[in-house]
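Reader: I am new to this structure and would like to know the grounds for the terms used about it. Please take them one at a time.

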Amino acid sequence: MVGLGTWSLTAAALITLLLPGSPEECGHISLSAPIVHLGDAVTASCVINQNCSHLGSESQIVWKLGEELQPGGRQQRLPDGTQESTITLPPLSDPWTLLSCTVLWGDGVQILDQAELQAGYPPATPHNLSCVMNLTTDSLTCQWEPGPNTYLPTNFTLRSFKSRGNCQTQEEAIPDCVPEDGQSHCSIPRRHLQLYQSMGIWVQAENVLGTSMSPLLCLDPMDVVKLEPPRLWALEPSPEGAPPQPGCLQLRWELWEPSLYINQKCELRYQPQLGEASWTLVGPLLCSILQHELCGLLPSTAYALQIRCIRWPLPGYWSDWSPSLELISPQRVPIVRLDTWWWQRQLDPKTVDVQLFWKPMPPEEGSGQIQGYLVSWRPAGQAGAVPPLCNTTELNCTFRMPSEVREVVLVAYNTAGTSHPTPVVFLKSRGPPLNGLYTMALDPHSLWVGWEHPSPQPRGYVIEWGLGPPSSSGSRKTWKMERNGSITGTLLQENIRPFQLYEITVTPLYQDTMGPSQSTYAYSQETAPSHAPELHLKHIGKTWAQLEWVPQAPELGKSPLTHYTIFWTNAQGQSFSTILNASSRDFVLHGLEPTTLYHVHIMAASQAGGTNSTSLTLMTLAPEEFELNIFLGLFGLLLLLICLCGAARMCYRPSRKNPLWPSVPDPAHSSLGSWVPTNTAEEIFQLPSLWDPSMPPITKITVLEEEEKKPGPWESSDSSGTCGLPTLVQAYVLQGDPRAPSIEPQSQSGNSDQVLYGQVLGSPTGSGPEHYIRCDSTQPLLGGLTPSPKSYENLWFQTSPLRTPEPLVPNQEEDCVFGPLLDFPLLQGLQVQGVEGLGDF
């Protein structure tokens, strides 16, 4: 592939050198139309010259629209030898694109020719044509709306002519006015205009796809004149003239100088600078006077004022609004009702100290702004001016006056005058009191106070409230007056905050008197206790501790306590708690560990929440030495008792004996029958040939255990191992050497207590020596202090004179050992019962 690519590039370079011109000069594109309507189809053809015929007759012409290949081209060779490709492009969706005619050239394509394609719309009809005669620039300015975008270069031209009447005839053409690119307005200079003469005006729009014109506008330039706004001023009142009326402003204005010869009318508008107030229009105002008195304004209020004018009575356009003029309306006399209340304190028999309060109710419409208050008192029989008791801007005043005075006068004033006087009569408390005063909190910032009105019904009530004790002495109280005597409660919302105790006082007002004041306390929202009591340790023991505390004094404005909770934690982090009622003063902690550290704290809780105290650390006492000795002694006794019980059980349970020591019966206190297990079958055989002098007599044969045993290593099936005993005897004599070690482990089963003893042979009355047969017994025999033989030993008590055991060599003759009967230790105290005819032992 690399070699092929290199060859293609080389061939392309050679072809380029051999061609008479560059590849771009070989082809040419022809279009049906270079500019078309947006969305129309375009037909294009591309012709390759004869000079480029060496490219080959099979050269393929490829079309590209922008960056996309366009299939569907029809290619043919013309009679003159040129190649031609024709294609019909799809509807154009872009206002501008590039069409390329290419041929396959090596690994890519070679552009032969390119052509631009433009698409758009013909110009729409301009509309909303209007013109204004501007006396400032001395020109006629016209503007219009060009319509939607054409996507093509479009030229607008303002055309006009002079005419008469309704512009039906054209007298003289006026030079065209061409606006700047992108603008839709144009101005015709004054030198091309004829004032007071009609003229026709229209707008022409043109591009390559068409031309359009706006409707003809016929006008007189002076009929569309627009004046400049006048200047607005405040008219100062003359000293000789009457003062301005309350709520009025004196205004004047000056017309624009070039428009002085034109008859005009004007309009005035004003807006109070109070938030989002709207404009108020006043007019028309004739320009013959050039001044105006604006009334109906709010007193002492800032206003913004503007003015504009128009040619009148002839047609014209309104001027723009003048710049705003800001003025403040003059004051009016205050028109207000004052509610009053007072406190009196007797200083001496002739003088009282009075603290007077008042509160202006919402002023009436048109009332002037209050600048201050005057409190005065005219003694009886005194004429002339009386100095006021108070002249203040506050809503209270403190003064002294004689005790016999029962009335003062309160007025509000401003620069325009004073309000109507408000008499303040100091009433005596002689009326009936209220019934059932109560309060209720609605939310953290309001309180409802209610009552039951007495009889007769009051004409009103005065309600006072402020912070209660302990901060009531230095706090200012808030008050209000209810003039409706039939109500039974009111909502207090002013100066109410949560977690504060308020003292509320209600005083009924009657005609010419008042009732006694009644007070109550309330808070709008409760809060948790500010702190918990401090814990103290009263007594402590090894497993208990007694705590005590002093309750905190009740706090006004705080919720009453509902309970206490005591928490304690040991050194291991285990926590415990208990709940006590609010009247508790001490508590005993039980179940503590001796010599243990504990952390204890108490929580005081109410309905609004709880507060924890500081932590108290304590340690329980250690046990005393005497108690420790008693405890150790009891523990030792208990351990000894357990050991004794275990030993007794071990001794009295047969299954537990053999692992400790062998069970050896005492021959002096037992009989052979008592050793035989209950399940042992005893058989007495009558042997007819026992008196044969060739064999010793058999006193008694007892089967102690009937058990099938496997032959030992020294046992054989030969009958010689039985020492020539009769057949019946052979069944009851142990076969094998009793001295031979057992190859079977010692049995640990329940029948390990059974003992196999030898059979006694011999006559109790004969003079011959007595013999016994000792056969394979695992039970040691008593006869001395020598320990019992091992499992691999037998007659260990038959020793040499040096008391060394004789070697035990198994042989045939020693299978049965005969010796003196008295040498058998177990038979020394044994009473043997023989067979009949054998005699006594």
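Author: A disulfide is a pair of cysteine sulfur atoms within 2.5 Å. The model is predicted, and a search of the whole structure finds 7 disulfides.

Reader: Why is the pair C167 and C218 called a disulfide?

Author: The sulfur atoms of C167 and C218 are 1.9 Å apart. The cut-off is 2.5 Å, and the pair is within it, so the pair counts as a disulfide. The link of C167 and C218 is right-handed, with 75° about the S-S bond.

Reader: What makes this pair a tie between separate parts of the chain?

Author: C167 lies in the loop between β12 (155–162) and β13 (172–177), while C218 is in strand β17 (residues 217–219). These parts are 51 residues apart in sequence, so the pair ties them together.

Reader: Are C167 and C218 buried or exposed, or partly exposed?

Author: Buried means under 20% relative accessible area, exposed over 50%, and partly exposed in between. C167 has 5% relative accessibility, so C167 counts as buried. C218 has 33%, which lies between the two limits, so C218 counts as partly exposed.

Reader: How do you know that C266 and C309 are joined?

Author: Their S to S distance is 1.9 Å, and a pair within 2.5 Å is a disulfide, so C266 and C309 are joined by one. Here the angle about the S-S bond is 90°, and the link is right-handed. The pair links distant parts of the chain, with C266 in strand β21 (residues 264–272) and C309 in strand β24 (residues 302–311), 43 residues apart.

Reader: Why are C266 and C309 called buried or exposed, whichever applies?

Author: C266 has a relative accessible area of 0%, which is under 20%, so C266 is buried. C309 also has 0%, so C309 is buried.

Reader: What makes C390 and C397 a disulfide?

Author: The sulfur atoms of C390 and C397 are 1.3 Å apart. That is within 2.5 Å, so the pair meets the cut-off. Both C390 and C397 are buried.

Reader: Why is no bond assigned between C643 and C645?

Author: The closest cysteine sulfur to that of C643 is in C645, at 9.3 Å, which is too far for a bond. From C645, the closest cysteine sulfur is in turn that of C643, so the conclusion is again that 9.3 Å is too far. C643 has a relative accessible area of 47%, so C643 is partly exposed. C645 is likewise partly exposed, with 47%.

Reader: How do you know that β3 and β7 pair?

Author: Two strands pair if there are at least two bridges between them. Strand β3 (residues 42–48) and strand β7 (residues 83–89) have 7 bridges, so they pair, in the antiparallel sense. A44 has I87 in β7 as its bridge partner. β3 and β7 belong to an open sheet of 4 strands in the order β1-β3-β7-β6, with antiparallel pairing.

Reader: What makes β1 and β6 edge strands?

Author: β1 (27–31) and β6 (74–77) each pair on one side only. The twist in this sheet averages 20° from one strand to the next.

Reader: Why are β26 and β30 said to stand at the edges?

Author: Another open sheet has 3 strands in the order β26-β27-β30, paired antiparallel. β26 (338–348) and β30 (396–402) each have a single partner strand, so one side of each is left without a neighbour in the sheet. The twist there averages 25° from one strand to the next. β26 is joined to strand β27 (residues 351–360) by 10 bridges, and the two run antiparallel. D339 stands opposite K359 in β27.

Notes: Residues numbered from 1 in each chain as written. Predicted model: local features only at pLDDT ≥ 70, side-chain atom pairs only at ≥ 80, totals over all residues. Heavy atoms only, no water. Axes fitted to C-alpha atoms, helices over the stretch in contact; angles between N-to-C directions. Buried < 20%, exposed > 50% of the residue type's maximum accessible area, 1.4 Å probe, protein only.
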